[in-house]
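User: I'd like a close look at one part of this model: how its strands pair up and what packs against them. After that, please show me how the rest is put together.

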Amino acid sequence: MFERHQGGDKAVLVCLDFGEPDYLENIEEFKLLAEGNGYKALAVIQGKRQRPDPKLFAGSGKVEEIAAALAATGASTVLFNHALAGAQERNLERALECRVSDRVRLILDIFGQRARSNEGKLQVELAQLQYMSTRLVRGWTHLERQRGATGTRGGPGETQLEMDRRMLNERVIKLKAKLKDLQRHRDTQRRARERSKQFSVSLVGYTNAGKSTLFNALTHAKAYAADQLFATLDTTSRKLFLDPQHSIVLSDTVGFIRDLPHGLVAAFRATLEETVRADLLLHVVDSASDTREAQIEAVNLVLKEIDADAIPQIVIWNKIDLKGGEPEVERDEYGRIRAVRMSAKTGLGLDLLRQVLVEAMPDYSTTE
Ligand SMILES: Nc1nc2c(ncn2[C@@H]2O[C@H](COP(=O)(O)OP(=O)(O)OP(=O)(O)O)[C@@H](O)[C@H]2O)c(=O)[nH]1
Ligand SMILES: [Mg+2]
């Protein structure tokens, strides 16, 4: 119904509280999501509700408040920090007479912008199509324009909606086939690596926790690290010597986020496969964030979804330079390594982490 947004569009942000404990702090993340999509956040509307309104998601009073904020700021878009049903989104657009986007679309669009590799692009497109199939009435027209309408016409009597659905399904099938091909190639590579019996370690963690910064600090690589959500989409692996006798393969991966669209997790399964097969996970946490516990939980949830929850984990309490404190190894009552407090950016505790990794390797034996 409304045109796609251009960079710099003004937006009103809506974040409702349904009793989620970490809701207030989430507004910062929500702003990053909006800004990452090129929006200027002019107003934030908050409110409390027991449960979403089936028609408009927000209550009618709240919708009036949003309309007033639109009028006052001259914003052209309303962004919701929640997953909206397609019908709710359409009803809101009708009621507010402007474009409405939800959290899932914001996440998908950021992934769309950031995807670099062929595989990453295909995965994002697949997730976007799956999202659009729930909003066929308007979403597909946009795709058609973007791609230059290559679909074939059906027989007479086929409605626009049926045709759209058919084109979408055809594209989904094609994408899945292409991804399968790429996956086969990836499997071959991995088997070669497995034959060489490398101890493999994957960096996992919430987006913006500092995984790529740590990856770069350890490997002297130049992976893209930035103060934005989902700076990394593709898995990068490097061989790393911890000391002359010990080497591992270290992988940097896509960051996780609360409410990661289900289709997106599935689409990224292949990329995340590296994580699933790892011998050890370094779970990087922004220790200076107020929502760190909720972030850890969100990450563990995704790990469970991709069957990686049984892999041993060491927590990296990163960014200790922000709050002060010494680098330190935390152990449980049996002396097993639980966590390392460090700073990837300043390099504080990096040597400690290298020692910890050597200790975590299977062939490690103490000489005491
Ligand atoms: N102060 C401080 N900032 C850090 C530290 N580690 C990373 N950062 C900053 O945190 C931001 C995010 O870092 P990245 O390494 O891109 O984070 P990431 O986990 O790879 O993020 P995604 O790829 O988006 O999932 C950047 O601005 C980094 O400079 C640290 O130890 N201390
Ligand atoms: Mg990264």
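Analyst: Two strands count as a pair here if DSSP finds at least two bridges between them. The strands (E, at least two residues) and helices (H or I, at least four) are DSSP runs numbered from the N terminus. Bear in mind that this is a predicted model, where local features need pLDDT of at least 70 and side-chain atom pairs count only at pLDDT 80 or more, while totals for chains, interfaces and linings use all residues. As for labels, residues are numbered from 1 along each chain as its sequence is written, and chains are lettered from A and ligands numbered from 1 in the order in which they are written.

Let's start with the seven-stranded sheet. It is open, with mixed pairing, and its strands come in the order 6-7-5-8-9-11-10. Strand 6 (236–243) and strand 10 (328–331) sit at the edges with a single partner each, so one side of each has no neighbour in the sheet. Going from one strand to the next, the twist averages 25 degrees.

Now zoom in on the strand 6 end. Strand 6 and strand 7 make a hairpin, with two residues between them, and they pair antiparallel over seven bridges. Within that pairing, Arg 238 has Leu 250 of strand 7 as its bridge partner. Move one step into the sheet and the sense changes: strand 5 (residues 199–205) runs parallel to strand 7 (residues 246–252), joined by five bridges. Two positions let you line up strand 5 and strand 7 by eye. Ser 202 is opposite Ser 251 in strand 7, and Val 201 is opposite Leu 250 in strand 7. So what lies on this sheet? Helix 8 (residues 211–219) lies across strand 5, strand 6, strand 7, strand 8 (280–286) and strand 9 (313–318), at about 150 degrees to strand 7. (Angles run from 0 to 180 degrees between N-to-C directions, and axes are lines fitted to C-alpha atoms, for helices over the stretch in contact.) Helix 11 (residues 292–305) packs on the sheet too; it touches strand 5 and strand 8, and its direction makes about 150 degrees with that of strand 8. For contacts, the C-beta atoms, placed from the backbone, must lie within 7 Å.

How is the protein chain divided? There are domain 1 (10–101), domain 2 (116–178) and domain 3 (196–360), with bounds from an automatic or database domain assignment. Between domain 1 and domain 3, the C-alpha centres lie 33 Å apart.

There's a second open sheet, with four strands in the order 2-1-3-4 and parallel pairing. Its edges are strand 2 and strand 4 (99–101), each paired on one side only. The twist here averages 20 degrees from one strand to the next. Strand 1 (residues 10–17) pairs parallel with strand 2 (residues 40–48) over eight bridges, and Ala 11 has Ala 41 of strand 2 as its partner. Strand 1 also runs parallel to strand 3 (residues 77–80), through four bridges, with Leu 13 bridging to Leu 79. Strand 3 then joins strand 4 by three bridges, again parallel, and Leu 79 is opposite Ser 101 of strand 4. Helix 1 packs on this sheet, touching strand 1, strand 2 and strand 3, and makes about 150 degrees with the direction of strand 1. Helix 3 (residues 86–96) touches strand 3 and strand 4, at about 145 degrees to strand 4.

Helix 1 (residues 26–36) also packs against helix 4, with axes 9 Å apart and an angle of about 50 degrees. That makes the two oblique. (Under 35 degrees is roughly parallel, over 145 roughly antiparallel, 65 to 115 roughly perpendicular, and the rest oblique.) Leu 33, Ala 34 and Gly 36 of helix 1 meet Leu 106, Ile 107 and Ile 110 of helix 4.

Helix 4 (residues 103–114) has another partner: its axis and that of helix 5 (residues 118–132) come within 9 Å and cross at roughly 155 degrees. Helix 4 and helix 5 are therefore roughly antiparallel. On the helix 4 side, Val 104, Leu 108, Phe 111 and Gly 112 meet Val 124, Ala 127, Gln 128 and Tyr 131 of helix 5.

Notes: Two residues are in contact if their C-beta atoms, placed from the backbone, lie within 7 Å.
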